[in-house]
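Subject: Handing over a structure

Hello,

Here is the structure I promised to pass on. Please open it alongside this email; my notes follow below.

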Amino acid sequence: MTTKEVAKMTDPASIRTQLSERFPVDEHKKVKKGGREQTYVPAEKIIDRTDDVLGWDWSFRVIREGLTSTEVWVLGEITIAGRAATGY
């Protein structure tokens, strides 16, 4: 692995960019619920990307969850290399 590749793996801005990259449309799934069609990315695709970017040294914990007529949300905690951050 080159020094540039290592830097890309450990640079917070690069990690954020890689994790927030939009998923290809062919990986999106659709489901009809409550008379509405909803589009989502399956959890295994999100986990695969996180593993690719962070390796195996991460975990995610749902602290609280909620549902409204138009959205689903979670307050979660992600831990990467022993450092935790909480957010929606």
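How many residues lie between β1 and β2 in their hairpin? Two residues separate the strands, and G34 in the turn has a positive phi of about 60°. Before going further, please note that this is a predicted model.

**The hairpin**

β1 covers residues 29-33 and β2 covers residues 36-40, with G34 in the loop between them. The two strands run antiparallel and are joined by five bridges. K33 stands opposite R36 in β2. β1 has little cover: it has five residues, and the count of buried ones is zero.

Is G34 buried or exposed? G34 is exposed, because its relative accessibility is 83%, and the cut-off for exposed is over 50%. G34 also comes within reach of a distant part of the sequence. Its C-alpha lies 9.3 Å from that of S69, although 35 residues separate the two in sequence.

**The open sheet**

Three strands make up an open sheet, in the order β3-β4-β5, and the pairing is antiparallel. β3 and β5 (83-87) are the edge strands; each has a single partner, so one side of each has no neighbour in the sheet. On average, neighbouring strands here are turned by 15° against each other, direction ignored.

Look at β3 (58-67) and β4 (72-80) in particular. Nine bridges join this antiparallel pair. For one example, take R61: its bridge partner in β4 is E77. As background, strands of a sheet pair through backbone hydrogen bonds.

**Helix α3**

α3 takes in residues 43-54, which makes 12 residues. Does its length come out as expected or not? At 1.5 Å a residue, the helix should span 16 Å; the end C-alpha atoms are 16 Å apart, so the two agree.

Which residues of α3 are buried? They are R49, T50, D51, V53 and L54. What covers them includes α2 (12-20), along with β3 and β4 from the open sheet. Just after the helix comes G55, which takes a positive phi of about 80°.

**Where to look**

Start at the turn with G34, which has a positive phi of about 60°. Then go to the sheet and find R61 and its partner E77. Finish at α3, and pick out its buried residues, including V53 and L54.

Best wishes

Note on methods. Residues are numbered from 1 along each chain as its sequence is written. This is a predicted model: local features need pLDDT of at least 70, side-chain atom pairs count only at pLDDT 80 or more; totals for chains, interfaces and linings use all residues. Side-chain values use heavy atoms; hydrogens and water are left out. Helices (H or I, at least four residues) and strands (E, at least two) are DSSP runs, numbered from the N terminus. The expected span of a helix is 1.5 Å times one less than its number of residues. Buried means under 20% relative accessible area, exposed over 50%, partly exposed in between (1.4 Å probe, protein chains only). Contact means heavy atoms within 4.5 Å. Two strands pair if DSSP finds at least two bridges between them. Axes are lines fitted to C-alpha atoms, for helices over the stretch in contact, and angles run from 0 to 180 degrees between N-to-C directions.
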